[in-house]
Every structure is written in structure tokens, then in C-alpha cells.
Amino acid sequence: MSFDRRESGGTDFSQDFPAVTVSPTFGKDSRLSLRIFIDRSSIEVFGNDGRFVMTNLVFPTTSYTTLSLSAANGKAKINNLKIYTIK
């Protein structure tokens with residue numbers, strides 16, 4: 001799994017900040033279970049019941065309005081999607 005923050009908002013404070021981070025998914029098959037938490041300046045992804053975790057800081061210059069997911073082979077299917085507001 002990879003996380004691309006090259007266009008995540010404010011990135012000009014460090015040449016190392018706009019990067020793509022990568023984590024192995026530790027899966028036996030091609031299916032993933034993801035829990036994604038998006039806050040004002042952080043995004044956390046918990047995969048396959050905590051077998052892998054990614055946390056990234058982000059500094060958006062405007063509110064995020066979209067979330068993009070893609071598969072390396074170009075084929076992805078979402079079986080169940082729930083969105084909750086964090087208070």
C-alpha cells in the first residue's frame with residue numbers, strides 16, 4: 001500500500017515532506033480491509049485488523065472533498081463502505 005502526499009496541501013517547508021510512503025500489506029490474498037481516519041492534519045490507515053498501519057501528517061490549504069483509492073492492477077472493488085463523522 002502507498003500513500004502519496006506530494007499534492008496534499010502545504011509541502012514547501014521541507015524538500016523531504018512531499019513524498020510517497022509505502023507499507024507492505026502482509027496479506028495472503030488480494031483482499032484488504034481498511035479503516036481510514038482523516039483529521040485536519042493527519043490521515044491514518046489501519047489495514048487487515050491492524051496488521052499494517054500508516055500514519056501521515058498533511059497540511060491542506062483547503063478542505064479535502066475527495067478520497068481516491070486505486071489498485072496496482074487497475075482492478076478494485078469496494079464491497080462495503082461506511083463513513084462516519086468524528087466529533
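Strands here are DSSP runs of at least two residues (E), numbered from the N terminus. With the strands labelled in this way, Asn48 is placed in the loop between β4 and β5. The model shown in every view is predicted.

**Figure 1. Confidence of the predicted model.** The protein has a mean pLDDT of 86, and 99% of its residues reach 70 or more. Confidence is lowest in strand β1 (residues 2–4), with a mean of 89, and highest in β5, with a mean of 92. Where pLDDT is low, the predicted coordinates should not be read in detail.

**Figure 2. The open sheet of 3 strands.** The strand order is β3-β4-β5, and the pairing is antiparallel. β3 (34–38) and β5 are the edge strands; each has a single partner strand, so one side of each lacks a neighbour in the sheet. On average, neighbouring strands of this sheet are turned by 10° against each other, direction ignored. The antiparallel pairing of β3 with β4 runs over 5 bridges, and that of β4 (residues 42–47) with β5 runs over 6 bridges. Strands of a sheet pair through backbone hydrogen bonds, either parallel or antiparallel. Two residue pairs can be used to locate the strands: Ile38 stands opposite Ile43 in β4, and Val45 has Met54 in β5 as its bridge partner.

**Figure 3. The two faces of β5.** In a regular strand the side chains alternate between the two faces of the sheet. β5 (52–57) shows this alternation along its length. Phe52, Met54 and Asn56 point to one face and are buried. Val53, Thr55 and Leu57 point to the other face and are not buried. Of the buried set, Met54 is the residue that bridges to Val45.

**Figure 4. The turn between β4 and β5.** The two strands form a hairpin with 4 residues between them. Asn48 lies in this turn, with a positive phi of about 50°. Asp49 is in the loop between β4 and β5 as well, and has a phi near 60°, again a positive value in a residue other than glycine. Most residues other than glycine have a negative phi, and most peptide bonds are trans. The two loop residues can be set side by side by accessibility. Asn48 has a relative accessibility of 14% and counts as buried because the cut-off is under 20%. Asp49, at 81%, counts as exposed because that class begins over 50%.

**Figure 5. The salt bridge between Arg6 and Asp4.** The structure holds 1 salt bridge. The side chains of Arg6 and Asp4 meet there, with an N to O distance of 2.7 Å. Side chains of opposite charge can pair when their charged atoms come close. Both partners are in the partly exposed class: Arg6 has a relative accessible area of 49%, and Asp4 has 43%. Asp4 belongs to strand β1 (residues 2–4).

**Figure 6. A nonpolar surface patch.** The patch covers about 990 Å². Among its members are Leu34, Ile36 and Ile38, which fall within β3 (34–38). Leu32, Tyr64, Leu67, Leu69, Ile78, Leu81 and Ile83 also contribute. Leu67 is found in the segment after β5 and, at 54% relative accessibility, counts as exposed. Ile38, a member of the patch, is the residue that stands opposite Ile43 in β4.

Terms used: Residues numbered from 1 in each chain as written. Predicted model: local features only at pLDDT ≥ 70, side-chain atom pairs only at ≥ 80, totals over all residues. Heavy atoms only, no water. Patch = residues over 30% accessible without salt bridge, like charges linked within 9 Å, V, L, I, M, F, W, Y side chains within 5 Å. Areas by Shrake-Rupley, 256 points an atom, 1.4 Å probe, with all protein chains shown as cover. Salt bridge = Lys/Arg side-chain N within 4 Å of Asp/Glu carboxyl O. Buried < 20%, exposed > 50% of the residue type's maximum accessible area, 1.4 Å probe, protein only. Pairing = 2+ DSSP bridges. pLDDT = per-residue confidence, 0-100. Axes fitted to C-alpha atoms, helices over the stretch in contact; angles between N-to-C directions.
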